[in-house]
Amino acid sequence: MGEGNPVIFLHGWGLDYKAFLPIKEYLIGYKCYFFSMLDVDQVATLQDYADEIKKVILQDNLNNITIVGHSFGGRVAILLAIQLSCVKGLVLVDAAGLKPRFSIKKTLKVLSYKLRKKLKLNTEKCGSKDYVVLSNNMRKTFKNIVNFHLDNYLKDIRQDTLVIFGDKDKETPLYMAKRFKNKIPKCALILLKGDHFAYLKNFNQFSLIIREYLNGIYEQ
């Protein structure tokens, strides 16, 4: 671990710290923190996840922090950036958290689920791939998180923010990337070729972008 400014990496739902771990080789001189936001034993909210990261930040007395969050990790990163003055930089990678536009297909799935529930039919196989494999408590946690939309929080992000998205992302589509760009006061958008995990498929390019961003904000 380097001795410079701290960089916190927050992975997406269902992954762990290893999703970002190789990037430390590109960030010599920075103090990198890789968290695993694992399954919780009790029902949790997005704020609960943010509070767990916040404890480490406060215990270690970290300052001039940059937070890099992918997908679900982006949700947590947004809350931390707004709530902590010690956060200097924010990188949102195919970040989730914005209210989606429901397609006709998605609308029909929701209606089907509600109808099956009303008729007391089995609904265990309804929902996303992430949802159907979860325990009961984690299903409730998942619902808490996906139903908590961060659109109205974006205007309160004061950090120089970098948004990186895959140009073919279907999980968090490109219109969300553009919404981040338009709603966050100081924001730049970079597109990578690929899907929701474009950063992994373009890891060298992604790592260089992160390094250039960090060097830029800390040279100001």
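## Close-up views of a predicted model

**View 1. D160 and its partner K186.** With a relative accessible area of 25%, D160 is partly exposed. A quick word before going on: what you're looking at is a predicted model. D160 makes a salt bridge with K186, and the closest N and O atoms of the two are 3.8 Å apart. This pair ties together distant parts of the chain: D160 sits in strand β5 (residues 160–166), K186 in the loop between α6 (174–183) and β6, and 26 residues separate them. Is K186 buried, partly exposed or exposed? K186 counts as partly exposed, because its relative accessible area is 43% and the partly exposed class runs between 20% and 50%.

**View 2. Two other salt bridges.** Searching the whole structure turns up eight salt bridges, and here are two to look at alongside the D160 pair. One of them joins the side chains of D167 and K168, at 3.6 Å from N to O. D167 is partly exposed, at 26% relative accessibility, while K168 is exposed, at 56%. The other brings D195 and K201 together, with their closest N and O atoms 2.9 Å apart. D195 is partly exposed at 28% relative accessibility, and K201 counts as exposed at 57%.

**View 3. A nonpolar patch on the surface.** Here you can pick out L15, F197 and L200, which form a nonpolar surface patch with about 220 Å² of accessible area together. To find F197, go to the loop between β6 (187–192) and α7 (198–201). F197 is partly exposed, at 31% relative accessibility. Why can F197 belong to a patch? Its 31% passes the cut-off, because patch residues need over 30% relative accessible area.

**View 4. Y213 and the residues around it.** Y213 is in helix α8 (residues 203–219). The residue is buried, with a relative accessible area of 11%. Which residues does Y213 touch, leaving out those up to four places away in sequence? They are T66, G89, L90, V91, D160, T161 and L162. You've met D160 already, in the salt bridge with K186. Take T161 as a second example: Y213 and T161 are 52 residues apart in sequence, yet their C-alpha atoms are 9.3 Å apart in space.

**View 5. T141 reaching the backbone of A44.** T141 is found in helix α5 (residues 136–146). With a relative accessible area of 0%, T141 is buried, because the class takes in anything under 20%. What does its side chain meet there? A polar atom of the T141 side chain lies 2.9 Å from the backbone nitrogen of A44.

**View 6. The inward side of helix α6.** Which residues of α6 are buried? Look for Y175, M176, A177, R179 and F180. These buried residues pack against α2 (72–83), β4 (87–93), β5 and β6. F180 turns up again in the next view, as a member of the largest nonpolar core.

**View 7. The nonpolar cores.** In soluble globular proteins, nonpolar side chains tend to be buried together. The largest nonpolar core in this model has 43 residues, and I8, L10, V76 and F180 touch the most other members. Helix α2 gives the most to this core, with seven residues. Zoom in on V76 and, leaving aside its neighbours within four places in sequence, you'll find it in contact with L10, M37, L46, Y49, A50 and I53. There's also a second, separate core of 24 residues, which includes V7, F9, A198 and F203.

**View 8. Stepping back to the whole chain.** Once the close-ups make sense, try placing them in the full chain. How many helices and strands does the protein chain have? There are eight helices and six strands, and reading along the sequence gives the pattern β-β-α-β-α-β-α-α-α-β-α-β-α-α. Of the 220 residues, 45% count as buried. The accessible surface comes to about 12200 Å², and carbon and sulfur atoms account for 52% of it. As for contacts between residues at least 6 apart in sequence, 75% join residues at least 24 apart. The contact of Y213 with T161 is an example, the two being 52 residues apart.

Conventions
Residues numbered from 1 in each chain as written. Predicted model: local features only at pLDDT ≥ 70, side-chain atom pairs only at ≥ 80, totals over all residues. Heavy atoms only, no water. Patch = residues over 30% accessible without salt bridge, like charges linked within 9 Å, V, L, I, M, F, W, Y side chains within 5 Å. Areas by Shrake-Rupley, 256 points an atom, 1.4 Å probe, with all protein chains shown as cover. Salt bridge = Lys/Arg side-chain N within 4 Å of Asp/Glu carboxyl O. Helix = DSSP H or I, 4+ residues; strand = E, 2+ residues; numbered from the N terminus. Buried < 20%, exposed > 50% of the residue type's maximum accessible area, 1.4 Å probe, protein only. Contact = heavy atoms within 4.5 Å. Polar contact = N/O pair within 3.5 Å; in protein donor to acceptor, adjacent residues only side chain to side chain. Core = buried A, V, L, I, M, F, W, Y, C linked by side-chain atoms within 4.5 Å.
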